[in-house]
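Biologist: Can you pull up the model so we can go through it together? I have a handful of quick questions.

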Amino acid sequence: MVPRCLPPPKHPVYKSHLFFSLTLHSLSHKITSSTLLHCSTTATEHQVKMSDLENSIATIIEVFHKYSEKEGDKHKLKKSELRDLINSELSSFLGHIKDQATVDSLMESLDADGDSECDFQEFMTFITMVTICCHEFCEHHEDE
Ligand SMILES: [Ca+2]
Ligand SMILES: [Ca+2]
């Protein structure tokens, strides 16, 4: 089931979720260094099979870095990197970004710290919004 009728990137529905607080710090203490070691070991050596959810988390991290490392700061997406990521990895859900104004507007929405780039935390807010929209879309269509 792939939702294909999500609102475009500039749609207000995304902004409404923008500031919901991810309590990252309350979660981070639960992720011990051994968990991180386990993750990196399994990702590189495939010694232990990761679950679907763990695989999805690893994929999100991997995809972010695939694009963030292309130009400039390796840990942040500049506008062109963000556009390329969406056009290559999210176009089934969000469509293609063709004009600069859409990229500018999206970056403005995501850029919480105002450095004109999208870091991983800002990216995760975006992925969370898209995921929530997908979930709402699926629930809505299940009820019909
Ligand atoms: Ca970059
Ligand atoms: Ca930023």
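Biologist: Is E71 buried or exposed, or something in between?
Modeller: This is a predicted model, to be clear. E71 counts as partly exposed, because its relative accessibility is 39%.

Biologist: And how does D73 count?
Modeller: D73 has 30% relative accessibility, so D73 counts as partly exposed too. The band for that label runs from 20% to 50%.

Biologist: What coordinates the calcium ion (ligand 1)?
Modeller: E71 and D73 each give a backbone-type donor, listed as O. S68 and K76 also donate through O, and E81 is listed twice with OE. The distances run from 2.4 to 2.7 Å.

Biologist: Why is the arrangement around that calcium ion (ligand 1) irregular?
Modeller: The six donor atoms subtend angles of 50 to 165°, so the arrangement is irregular. For reference, ideal angles for six octahedral donors are 90 or 180 degrees.

Biologist: How are the donor residues of ligand 1 spaced in sequence?
Modeller: The spacing is S-x2-E-x1-D-x2-K-x4-E.

Biologist: Now the calcium ion (ligand 2). Which residues coordinate it?
Modeller: D111, D113 and D115 donate through OD, E117 through O, and E122 is listed twice with OE. Those donors sit at 2.2 to 2.5 Å. The site is irregular, with angles of 53 to 156° among its six donor atoms. The sequence spacing of the donor residues is D-x1-D-x1-D-x1-E-x4-E.

Biologist: Where in the chain are D111 and E122?
Modeller: D111 is in the loop between α7 (100–110) and β2 (118–119). E122 is in helix α8, residues 120–143. The two are 11 residues apart.

Biologist: Are D111 and E122 buried or exposed?
Modeller: Both D111 and E122 are buried.

Biologist: Switching to pockets. How much space lies in the second largest pocket?
Modeller: About 250 Å³. Its lining has 13 residues, and the closest to the centre are I60, E89, L90, F123 and I127.

Biologist: Which helix gives the most to that lining?
Modeller: α8, with five residues. α4 (52–68) and α5 (79–89) each supply at least two.

Biologist: Stepping back, how many helices and strands are in the chain?
Modeller: Eight helices and two strands. Along the sequence the pattern is α-α-α-α-β-α-α-α-β-α.

Biologist: What share of the residues is buried?
Modeller: Buried residues make up 30% of the 144 in the chain. The chain exposes about 9500 Å², with carbon and sulfur atoms supplying 57% of that area.

Conventions
Residues are numbered from 1 along each chain as its sequence is written. Chains are lettered from A and ligands numbered from 1 in the order in which they are written. This is a predicted model: local features need pLDDT of at least 70, side-chain atom pairs count only at pLDDT 80 or more; totals for chains, interfaces and linings use all residues. Side-chain values use heavy atoms; hydrogens and water are left out. Donors are N, O and S atoms within 2.8 Å of the metal (3.2 Å for Na, K and Ca); water is not among the atoms, so sites may look incomplete. Four donors count as tetrahedral if all angles lie between 85 and 135 degrees; four count as square planar and six as octahedral if opposite donors are over 155 degrees apart and all others between 65 and 115; anything else is irregular. Helices (H or I, at least four residues) and strands (E, at least two) are DSSP runs, numbered from the N terminus. Buried means under 20% relative accessible area, exposed over 50%, partly exposed in between (1.4 Å probe, protein chains only). Accessible areas come from the Shrake-Rupley method with a 1.4 Å probe; for residues, only the protein chains shown count as cover. On a 1 Å grid over the protein atoms alone, a cavity is a set of points where a 1.4 Å probe fits but cannot get out, and a pocket is an open set with protein on both sides within 12 Å along at least five of seven lines; lining residues have an atom within 4 Å of a point. Grid points are joined across faces, edges and corners, and a volume is the space filled by probe spheres set on the points.
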